[in-house]
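Here are my notes on the model, as numbered points. Please read them with the structure open.

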Amino acid sequence: VRYSVGLFVFTLVFAVAALNRQESVQELVAMLTGILGVACIANFLFLIDYAARLLRPVRVVAKIGDEGVAMIKAVYPEPATALTPEAAAMHTRPAMPSREVAHRGKAEVVLAVDIATLVALARSHDGMIEFLAQVGDFVAADEPLFVLHGGAMAIADHAVRSTVAFGPERTLEQDPMFAFRIIVDIGLKALSPAINDPTTAVLALDQVHRLLRMVGRRRLRGEVILDDSGQPRLIFRTPNWEDYVQVACSEIRACGTSSLQVVRRMRAMLENLRDTLPEHRRATLETQLDLLDGA
């Protein structure tokens with residue numbers, strides 16, 4: 001699309017410049033202007049066809065699926081060889097002095113967090129930093145954003161705030177759950193009475209199946225992040241396996257139980273994942289199969 005726009009703009013500017021020098025323009029310049037005009041027409045026809053194919057649901061969900069897989073690999077780098085149940089979540093705050101750091105500025109969405117810098121800050125002050133939100137959460141102005149524990153209380157507020165990137169809407173950067181959210185929303189729109197397109201919903205489930213398999217074969221990160229010496233330095237919450245399965249299945253199941261295609265595809269997905277993923281992933285999948293039976 002950028003190349004097409006560049007060609008159109010260049011041809012326009014070149015033609016106007018040639019027109020302004022009409023009395024002394026050379027035949028080569030006139031011929032080149034004509035060639036560029038024909039090229040623009042051909043490119044425009046190609047662009048229409050490309051855009052039409054790009055906006056088909058199967059292309060959209062496949063592209064989101066590709067980006068989701070890449071983000072899952074980046075956020076959860078440990079491969080299948082390291083599959084173990086995730087570390088237990090820290091449900092209580094550390095028993096040490098602490099203070100809160102609030103968000104300043106506009107109410108926005110958390111896009112990304114510089115984890116390495118936060119760990120380094122906590123280690124240099126011999127304390128622990130707790131990030132209260134998750135990537136993808138909406139944070140209002142003056143809402144608590146960090147809790148600094150122990151020696152980390154000495155860290156300046158601007159130093160920890162600068163490690164968080166905000167924006168007006170969610171992106172896929174550091175947020176694999178957003179890929180699930182987009183694909184599920186496509187499936188829900190397809191199942192709405194106004195559209196009633198279960199085939200597109202099945203295409204969305206195909207990509208959900210792909211992403212769930214990728215998440216299930218990665219070692220999901222626990223809440224507590226350690227430094228190189230093994231000391232806990234950062235509490236950083238990310239979605240767990242149950243969260244991913246819940247987002248992937250619940251809403252489509254609620255809206256698609258009247259469609260034979262959707263129910264059949266969801267059952268095949270859950271049974272396949274149950275039979276092929278590690279043992280500690282199966283309980284959640286069994287629960288979803290029971291809910292599908294009940295629906």
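1. Where is Val1 found? Val1 sits in the segment before helix H1 (2-20). This is a predicted model, and the points below should be read that way. At 61% relative accessibility, Val1 counts as exposed, because the cut-off for that class is over 50%. Val1 also belongs to a nonpolar surface patch, together with Val5, Val9 and Val13. The accessible area of these four residues together is about 350 Å².

2. Next, the sheet. Three strands make an open sheet, and their order is E4-E2-E6. The pairing is antiparallel. Strand E4 (138-139) and strand E6 (164-167) are the edge strands, each pairing on one side only. Strand E2 covers residues 108-113. Four bridges join E2 to E6 in the antiparallel sense. For a place to check the register, take Val109: its bridge partner in E6 is Gly167. Strands of a sheet pair through backbone hydrogen bonds, either parallel or antiparallel.

3. How many aromatic pairs are there? The count comes to six. One of them is the stacked pair of Phe131 and Phe236. Their ring centres are 5.9 Å apart, with 25° between the planes. Stacked is the right label here because the planes are under 30 degrees apart. Phe131 lies in strand E3 (residues 127-131) and Phe236 in strand E8 (residues 232-236), so this pair ties together parts that are 105 residues apart in sequence. Both Phe131 and Phe236 are buried.

4. A tilted pair comes next. Phe180 and Tyr244 have ring centres 5.2 Å apart and planes at 45°. Phe180 belongs to helix H6 (residues 176-191) and Tyr244 to helix H8 (residues 241-256), so the contact ties together parts that are 64 residues apart in sequence. Phe180 is buried, and so is Tyr244. With Tyr76, Phe180 and Tyr244 form one aromatic cluster.

5. Phe180 comes up again in the core. The largest nonpolar core has 41 residues. Those with the most contacts inside this core are Phe180, Leu212, Trp241, Ile252, Met266 and Met269. Which helices each supply at least two residues? They are helix H3 (57-75), H6, helix H7 (198-216), H8, H9 and H10. H6 gives the largest share, nine residues.

6. Now the charged pairs. Side chains of opposite charge can pair when their charged atoms come close. The structure holds 21 salt bridges. One of the salt bridges joins Asp228 and Arg123, with the closest N and O atoms 3.8 Å apart. Asp228 is in the loop between strand E7 (224-226) and E8, while Arg123 is in helix H4 (residues 115-124), so the bridge ties together parts that are 105 residues apart in sequence. Asp228 is exposed, at 77% relative accessible area. Arg123 is partly exposed, at 42%. Both residues belong to a wider network of salt bridges: Arg123, Asp126, Asp227, Asp228 and Arg233 are linked in it.

7. Two further salt bridges deserve a look. Arg274 pairs with Glu286, the closest N and O atoms being 3.7 Å apart. Arg274 lies in helix H9 (residues 260-276) and Glu286 in helix H10 (residues 282-294), twelve residues apart. Arg274 is partly exposed at 21% relative accessibility, and Glu286 is partly exposed at 34%. Glu279 and Arg282 also meet through their side chains, with an N to O distance of 2.8 Å. Is Glu279 buried or exposed? Glu279 is exposed, with a relative accessible area of 57%. Arg282 counts as partly exposed at 28%.

8. Last, a loop residue. Met153 lies between strand E5 (144-150) and helix H5 (157-161), in the loop that joins them. Met153 is partly exposed, with 29% relative accessible area. Met153 and Leu220 are 67 residues apart in sequence. In space, 29 Å separates them, C-alpha to C-alpha.

Technical notes:
Residues numbered from 1 in each chain as written. Predicted model: local features only at pLDDT ≥ 70, side-chain atom pairs only at ≥ 80, totals over all residues. Heavy atoms only, no water. Pairing = 2+ DSSP bridges. Phe/Tyr/Trp six-rings, centres within 6.5 Å; stacked < 30°, edge-to-face > 60°. Buried < 20%, exposed > 50% of the residue type's maximum accessible area, 1.4 Å probe, protein only. Patch = residues over 30% accessible without salt bridge, like charges linked within 9 Å, V, L, I, M, F, W, Y side chains within 5 Å. Areas by Shrake-Rupley, 256 points an atom, 1.4 Å probe, with all protein chains shown as cover. Core = buried A, V, L, I, M, F, W, Y, C linked by side-chain atoms within 4.5 Å.
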